[in-house]
Amino acid sequence: MAGKAFRKFLPLFDRVLVERCAAETVTKGGIMLPEESQGKVLQATVVAVGSGSKGKSGEIQPVSVKVGEKILLPEYGGTKVVLEDKEYYLFRDGDILGKYVD
């Protein structure tokens with residue numbers, strides 16, 4: 001899933017690189033939504049993770065999500081990163097609100 005761009009960029013420590021899911025442009029009834037009325041997309045797919053953060057005693061605590069998982073993001077926050085003309089966002093592991101389970 002990780003393409004060539006992720007070989008050049010790897011998040012550090014407890015950072016997670018995500019790609020936001022596309023916004024809904026059509027309602028279930030088939031009505032087209034204008035851009036102003038589309039809500040902010042809070043779902044994303046994890047595309048790369050860091051190695052984890054160091055605990056108080058020096059051991060590495062791994063990141064709680066894995067590449068390919070769908071997660072729920074906070075409404076605000078994250079750092080925008082552009083890799084090969086695509087937008088991604090960088091979040092700390094602790095900022096992620098939850099993950100979707102099949």
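In this predicted model, Val 46 touches Val 16, Leu 17, Val 18, Val 65, Lys 66, Val 67, Gly 68, Glu 69 and Ile 71, leaving aside residues up to four places away in sequence. Val 46 also belongs to the largest nonpolar core, which has 11 residues in all. The other members are Val 16, Val 18, Ala 44, Val 63, Val 65, Ile 71, Leu 73, Tyr 89, Phe 91 and Ile 96. Two or more residues of this core come from each of S1, strand S2 (43-49) and S7. Another core lies apart from it and holds seven residues, among them Val 47, Ala 48, Val 81 and Leu 90. In soluble globular proteins, nonpolar side chains tend to be buried together.

**The sheet**

S2 is mostly covered, with five of its seven residues buried. In a regular strand the side chains alternate between the two faces of the sheet.

Six strands form an open sheet in the order S6-S7-S1-S2-S5-S8, and the pairing is antiparallel. S6 and strand S8 (98-99) stand at the edges with a single partner strand each, so one side of each is left without a neighbour in the sheet. Strands of a sheet pair through backbone hydrogen bonds, either parallel or antiparallel.

Five bridges join S1 and S2 in the antiparallel sense, and Val 16 has Val 49 as its bridge partner in S2. On S2 and strand S5 (residues 70-72), the count is three bridges, again with the strands running antiparallel. Here Ala 44 has Ile 71 in S5 as its bridge partner; Ala 44 and Ile 71 are both members of the 11-residue core.

S6 and S7 pair over five bridges, in the antiparallel sense. Val 81 stands opposite Tyr 88 in S7, and Val 82 stands opposite Glu 87 in S7. Val 81 is one of the seven residues of the other core.

**Positive phi values**

The hairpin of S6 and S7 has two residues between the strands, and Glu 84 takes a positive phi near 50° there. Glu 84 lies in the loop between strand S6 (79-83) and S7. Glu 84 counts as exposed because its relative accessibility is 56%.

Phe 13 is a residue other than glycine with a positive phi, near 55°. Phe 13 is placed in the loop between H1 and S1.

**Charged side chains**

Side chains of opposite charge can pair when their charged atoms come close. A search of the whole structure finds five salt bridges; the table gives some of them.

| Acidic residue | Basic residue | Closest N to O distance |
|---|---|---|
| Asp 14 | Arg 15 | 3.7 Å |
| Asp 14 | Arg 92 | 3.4 Å |
| Glu 87 | Lys 80 | 3.3 Å |

A network of salt bridges links Asp 14, Arg 15 and Arg 92. How far apart in sequence are the parts that the pair Asp 14 and Arg 92 ties together? Asp 14 lies in the loop between helix H1 (5-8) and strand S1 (15-20), while Arg 92 is in strand S7 (residues 86-92), so the pair ties together parts that are 78 residues apart in sequence.

Is Asp 14 buried or exposed? Asp 14 has a relative accessible area of 15% and is therefore buried. Arg 15 counts as partly exposed, at 26% relative accessibility. Arg 92 is also partly exposed, with a relative accessible area of 40%. The network thus joins a buried acid to two partly exposed arginines.

Glu 87, which meets Lys 80 in a salt bridge, is partly exposed at 42% relative accessibility. Glu 87 is also the residue in S7 that Val 82 stands opposite.

**Aromatic rings**

How many aromatic pairs does a search of the whole structure find? The search finds zero. Tyr 89 does have a charged neighbour: Arg 20 lies over the face of Tyr 89, at 4.6 Å from the ring centre. Tyr 89 is also part of the largest nonpolar core, as is Phe 91.

How values were computed: Residues numbered from 1 in each chain as written. Predicted model: local features only at pLDDT ≥ 70, side-chain atom pairs only at ≥ 80, totals over all residues. Heavy atoms only, no water. Salt bridge = Lys/Arg side-chain N within 4 Å of Asp/Glu carboxyl O. Buried < 20%, exposed > 50% of the residue type's maximum accessible area, 1.4 Å probe, protein only. Helix = DSSP H or I, 4+ residues; strand = E, 2+ residues; numbered from the N terminus. Phe/Tyr/Trp six-rings, centres within 6.5 Å; stacked < 30°, edge-to-face > 60°. Lys NZ or Arg CZ within 6 Å of the ring centre and 35° of its normal. Pairing = 2+ DSSP bridges. Core = buried A, V, L, I, M, F, W, Y, C linked by side-chain atoms within 4.5 Å. Contact = heavy atoms within 4.5 Å.
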